[in-house]
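The following exercises are to be worked through with the sequence and the coordinates at hand. Each task is followed by a solution in steps.

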Amino acid sequence: MSSSLHGRLDDVTGDAGYSEHPPRMGFFTDTSVCIGCKACEVACKEWNEVPDDGYELTGMSYDNTLELGASTWRHVAFVEKPLHPNTTDLGLPGMGPPGFDTHESGLGVTLPHGEDQAAESGDGGIRWLMSSDVCKHCTHAACLDVCPTGSLFRTEFGTVVVQPDICNGCGYCVPACPYGVIDLNKEDGRAFKCTLCYDRLKDGQTPACAQACPTESIQYGEVSELRERADLRLAELHEKGVDVARLYGRDPDDGVGGDGAFFLLLDEPEVYGLPPDPVVTTRDLGSIWKHVGAAAVALVGLGAASFLGRRSS
Amino acid sequence: MAEAHPVGFQWVMEAKRRGATIIHVDPRFTRTSAVSDIHVPIRAGSDIAFLGGLVNHVLTHDADFREYVVAYTNAASIVGEDFIDTEELDGLFSGFDPETGRYDPESWQYERTDEAPAAGQRDPAQAAGPVHEPDSDPRSGDRSTDDGGKRSKDLHEAAVSDTHGSGGAPIASKPPRDETLKDPRCVFQILKRHFARYTPEMVQQVCGIDPQVFAKVAEALTSNSGRERTSALCYAVGWTHHSTGAQTIRTASILQTLLGNIGRPGGGIMALRGHASIQGSTDIPTLFNILPGYIPMPHAAQHRDLDEFVKADAGKTGYWGNMRSYSVSLFKSWWGDAATAENDFCFDYLPRLTGDHSTYSTVKRQIDGRSKGYFVVGENPAVGSANGKMQRLGMANLDWLVVRDLQMIETATFWKNGPEIETGELVTDEIGTEIFFLPAASHVEKAGSFTQTQRMLQWRDKAVDPPGDARSELDFYYELGTRIREKLAGSTDEMDRPLLDLTWDYPSDEQGDVDGQAVLREINGTGADGKALSAFTQLKDDGSTRCGCWIYCGVYADEVNRARRRKPHWDQDLVAAEWGWAWPANRRILYNRASAAPDGTPWSERKRYVWWDAEQGKWVGSDVPDFIPDRAPDHVPAEGATGPDAIGGTDPFIMQTDGKAWLYAPLGVADGPLPAHYEPPESPVRNPLYSQQSNPGRRRVSTPSNPINPSLSEVFPYVFTSYRLTEHHTAGGMSRTLPYLTELQPEFFCEVSPRLAAERGLEHLGWATIVTARSAIEARVLVTDRMRSLRLGEQMVEQVGLPYHWGQNGITTGDSPNDLVNLTLDPNVYIQDKVGTCDIRPGRRPRGPALTAYVAAYRRRAGVHQDEPTNQRIDP
């Protein structure tokens with residue numbers, strides 16, 4: 001079996017060696033309708049028996065689980081972002097009525113300009129972005145490529161799954177992930193991450209997070225169909241003037257060959273803690289091996305030469 | 001709504017996807033605000049001013065749906081000459097008695113067309129019979145005080161609004177009308193004058209809402225209402241938990257009625273209830289003042305027999321006119337063959353009201369040693385009810401307390417770890433209350449129905465067995481009743497007859513649990529042949545029918561549990577009538593005759609719902625028409641007709657005596673025929689509308705542990721308001737005990753604006769102490785732009801946000817914000833006001849007895865005296 005390491009790849013499952021297989025399945029997470037209820041986090045933990053994260057108030061808005069990790073396979077980010085920084089009304093006289101702003105609607109009311117999740121209400125307007133993050137199930141999954149035990153594998157649904165009973169805890173996968181998703185359990189040292197509910201998929205069920213999502217922010221389905229849905233939703237939002245909307249991880253030509261779990265965002269990826277231009281860390285593995293091979297050949301050559309030289313001497 | 005009702009909020013998001021404009025009015029910027037088109041920050045407790053501003057906007061811009069208003073509301077009705085509005089009395093309506101703090105509603109009546117009634121005979125529905133209490137009426141807002149007021153009459157102390165059930169207060173036969181709406185005494189003109197001062201500038205002054213934002217809301221709402229479009233209002237306890245709570249809902253009703261948004265698809269006012277079946281627990285009530293189906297609880301002296309009991313309603317227009325049938329069928333369902341025409345169908349078995357027996361009055365009676373036993377089921381009053389100290393002091397003064405819950409909640413452990421144990425105000429060894437804790441089955445561990453806010457019953461089957469000895473409520477009460485009846489067996493004491501004569505014979509289901517479907521069938525009712533009834537119109541007053549709750553009649557029609565139907569919405573039309581079952585008669589929108597014009601045709605194709613089919617001679621449509629099926633639009637009832645016969649062809653509000661929606665309530669609301677803005681009992685703001693500061697009709701609870709902060713006090717300069725977080729459930733018993741929910745919100749915090757943080761030196765993630773005259777609590781601090789500093793004219797108002805989920809037990813513990821909340825009650829439904837004033841200081845609160853000393857020092861500085869705790873002195 002030889003699989004591609006980078007570039008566009010339309011049949012990731014076939015590429016992984018499945019001759020007959022179901023269509024590639026994945027998530028489209030539309031953050032524009034996320035209400036931050038965290039039902040996905042809870043449903044994921046309940047179904048997969050993921051341990052709790054500890055009980056610490058972080059002060060990071062309403063986010064107290066902070067990031068994806070061995071004990072958080074779905075994570076809802078909360079980003080509070082002032083619309084107009086430095087306009088806090090300190091109650092001083094002569095500041096004018098609240099709500100005075102330069103861009104106004106026909107009604108004379110300050111409106112967010114081309115933004116969503118940003119109800120403007122005069123001075124001190126704020127956007128509160130919420131987004132449910134998850135393993136991206138990359139087309140080119142570096143975690144899988146570097147796994148020495150075969151614990152990480154590509155399923156027949158095109159998803160990437162760790163088998164905890166095979167994982168030896170080497171941890172190579174952790175730095176390999178361009179998104180910082182996969183993580184080692186501190187207690188037993190093994191790697192864990194979202195399985196896209198492989199067990200549920202095999203029974204024809206929807207993953208727990210998508211099943212629990214009340215607003216259809218998390219949509220599960222065939223990746224090809226989800227991409228079409230995402231394109232339609234993006235066009236719809238752009239038409240409504242929400243020009244900050246963008247898709248993330250949908251492009252099969254990006255640095256990871258597109259994600260099996262991709263997103264509609266309402267701001268730059270960095271705002272949500274996502275890398276702006278992720279590249280599969282094993283992209284150059286082929287050429288590295290070529291170089292390594294060349295180096296090895298050279299070394300062998302050198303060694304042989306030295307023997308030869310010795311003999312000759 | 002996204003915050004506390006995320007599952008229901010999916011439909012709001014669905015509406016948004018289809019182009020709806022979402023407006024969110026809330027003191028803080030929540031998860032709902034985040035996905036709304038407009039967020040309107042508002043000062044907590046100023047909702048009537050905001051809604052009143054919208055009413056004024058509609059009236060001054062002629063933005064009402066005039067045809068609807070003229071035909072379907074009481075806008076044209078003429079009010080009597082005696083009525084005097086708040087405009088002339090500076091915040092009071094006519095009829096106020098300053099000594100009792102109550103209104104006499106006589107002057108609020110419509111103009112009489114018949115001869116003048118005898119003095120005090122306020123209820124023309126009673127004119128047919130003798131009035132045994134000549135100057136009182138059970139249905140008037142005029143009631144005696146709990147502690148023996150001057151008018152020592154046996155009055156219906158019960159909340160007038162819900163003793164009328166869905167029927168509204170009975171009034172005179174239809175009043176004179178001026179359909180030009182020009183008569184200065186018609187409701188429409190009264191409304192205009194009353195709301196005239198609720199201008200956008202006044203809204204800013206009271207609520208802190210920018211006039212430009214207000215204009216945008218007004219424009220969005222009015223442009224989306226009328227013939228072609230409808231708008232819906234959704235609310236939760238942010239509107240109701242106030243000393244003016246019922247009047248807030250009245251204002252919303254006035255607004256929606258003026259806009260023609262009632263009885264039509266996409267319109268309405270949705271109450272989002274706090275628990276899964278709160279609607280069900282008012283339909284089949286756990287309230288003291290009503291019986292199943294909103295039949296009022298009889299009063300000790302007013303209702304000496306069944307005739308007296310039903311008399312007030314017997315002559316009424318509409319379906320309330322059949323109350324005798326509903327009552328008799330109820331008694332037959334409870335007492336079976338023992339209930340006969342000869343013994344008034346066991347009417348005498350019913351308990352009687354002698355006064356206000358609502359929850360907070362009961363707590364005060366516990367403190368006073370007059371109430372000795374207490375069942376707490378599915379509630380956690382030590383954390384979840386207002387003025388936690390009063391709750392705990394009451395429970396510490398009982399003979400016995402039974403707590404049934406899923407977890408060992410604070411209500412069951414206050415005797416060893418409540419805040420008063422820490423301060424020494426209570427000593428464990430000295431608490432005599434014997435406490436029984438009984439483990440309860442959760443909703444997945446038992447079968448049963450939920451009734452949600454749309455009045456829809458949805459049946460759920462049992463998924464798993466409950467653990468250990470945990471049992472369902474049904475099993476528990478059935479067993480309790482069986483054992484009590486065994487103990488009483490053979491008793492000849494008359495007092496025991498009501499228990500011994502009960503029909504108490506429910507079968508078990510396959511799993512050995514008491515069969516909830518048998519109970520539902522009993523509620524549905526049966527006819528003389530023993531078969532399930534299919535509609536409440538079949539109920540008889542001769543004892544031949546039995547029905548446990550008349551409005552639920554039909555849920556078991558044809559012996560089928562219709563609440564259990566689960567046909568998905570994609571397999572049926574928009575109304576989805578085969579999902580669950582909605583009372584009454586599986587009707588999904590009430591008063592839906594109003595979805596058609598007076599002539600019976602749909603107002604518009606777009607909003608077509610129920611209409612008159614002249615060929616068939618009946619009302620048709622996608623929903624069950626809420627009207628007499630064959631009553632033509634042009635029908636004029638015969639003179640003197642009563643009951644359903646008195647409903648005219650253009651009277652969609654069939655449960656109202658006059659068939660019209662009430663913009664003005666001539667009866668039935670304790671604190672005025674129209675809503676007016678009053679400040680919460682504790683406020684940093686002087687009422688800009690009237691010199692009357694607080695609701696004159698509010699009920700004070702005078703006890704040393706309920707001292708009220710003086711308004712406009714520099715000692716308590718900030719507003720606090722409590723609320724829920726998505727991650728936790730109410731008083732926390734079902735969430736603080738679970739790791740997966742606790743980790744999401746692991747600690748009690750307060751939310752403050754950057755300006756308030758700067759003013760008081762509060763640090764993000766640091767500690768703060770929040771103080772009222774009742775108590776002080778501590779919380780971690782979140783400084784966030786989501787809390788707004790509000791500008792009310794020259795005054796800035798800061799609000800402290802407090803999620804109320806924490807207590808002393810569970811995985812994470814914390815102080816309870818309800819320890820700060822005072823008890824001052826709405827006079828209609830006796831709910832507390834969740835808004836109060838406070839001080840906030842950086843750092844943790846004092847521990848032990850130092851805490852009581854700390855709070856006492858605050859009281860001294862603010863001039864609060866515990867011997868007159870509810871004194872409403874306002875600093876000049």
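**Exercise 1.** How many residues lie between β20(B) and β21(B) in the hairpin that they form? Determine also how β21(B) is paired and whether its residues are buried.

*Solution.* The model is a predicted one.

Step 1. The hairpin of β20(B) and β21(B) has 4 residues between the two strands.

Step 2. Strand β20 of chain B covers residues 767-771 and runs antiparallel to β21(B), to which 5 bridges join it. B:V771 is found opposite B:A776 of β21(B).

Step 3. Strand β19 (residues 749-752) of chain B is also joined to β21(B), here by 4 bridges and in a parallel arrangement. B:C750 has B:V781 of β21(B) as its bridge partner.

Step 4. Strand β21 of chain B spans residues 776-783, and 7 of its 8 residues are buried; the strand is therefore largely enclosed by the rest of the structure.

**Exercise 2.** Which strands stand at the edges of the open sheet β12-β13-β14 in chain B?

*Solution.*

Step 1. The sheet is open and consists of 3 strands in the order β12-β13-β14 (chain B), paired in antiparallel fashion.

Step 2. The edge positions belong to β12 (448-451) and β14 (581-582) of chain B; each has a single partner strand, so one side of each lacks a neighbour in the sheet.

Step 3. For the pairing of β13 (residues 456-460) of chain B with β14(B), 2 bridges are found, and the strands run antiparallel. B:L457 is placed opposite B:W581 of β14(B).

**Exercise 3.** At what angle do helices α3 and α8 of chain B pack? Classify their relative direction and describe the contact.

*Solution.*

Step 1. Helix α3 (residues 47-60) and helix α8 (residues 200-207), both of chain B, pack at an angle of about 170 degrees, and their axes are 9 Å apart.

Step 2. Angles over 145 degrees count as roughly antiparallel, and α3(B) and α8(B) are therefore roughly antiparallel to each other.

Step 3. On the side of α3(B), the contact is made by B:A49, B:F50 and B:G53; α8(B) contributes B:P200, B:M202, B:V203, B:V206 and B:C207.

Step 4. Sorted by class, the residues in the contact of α3(B) with α8(B) are 7 nonpolar and 1 polar, with no charged ones.

**Exercise 4.** What percentage of the 313 residues in chain A is buried? Add the secondary structure and the share of contacts between residues far apart in sequence.

*Solution.*

Step 1. Chain A contains 8 helices and 10 strands.

Step 2. Of the 313 residues in chain A, 44% are buried.

Step 3. Among contacts in chain A with a separation of 6 or more, 65% are between residues 24 or more positions apart.

Methods:
Residues numbered from 1 in each chain as written. Chains lettered and ligands numbered in written order. Predicted model: local features only at pLDDT ≥ 70, side-chain atom pairs only at ≥ 80, totals over all residues. Axes fitted to C-alpha atoms, helices over the stretch in contact; angles between N-to-C directions. Parallel < 35°, antiparallel > 145°, perpendicular 65-115°, else oblique. Contact = placed C-beta atoms within 7 Å. Nonpolar A, V, L, I, M, F, W, Y, C, P; charged D, E, K, R; others polar. Buried ≥ 20, exposed ≤ 12 C-beta atoms within 10 Å, placed from the backbone. Pairing = 2+ DSSP bridges.
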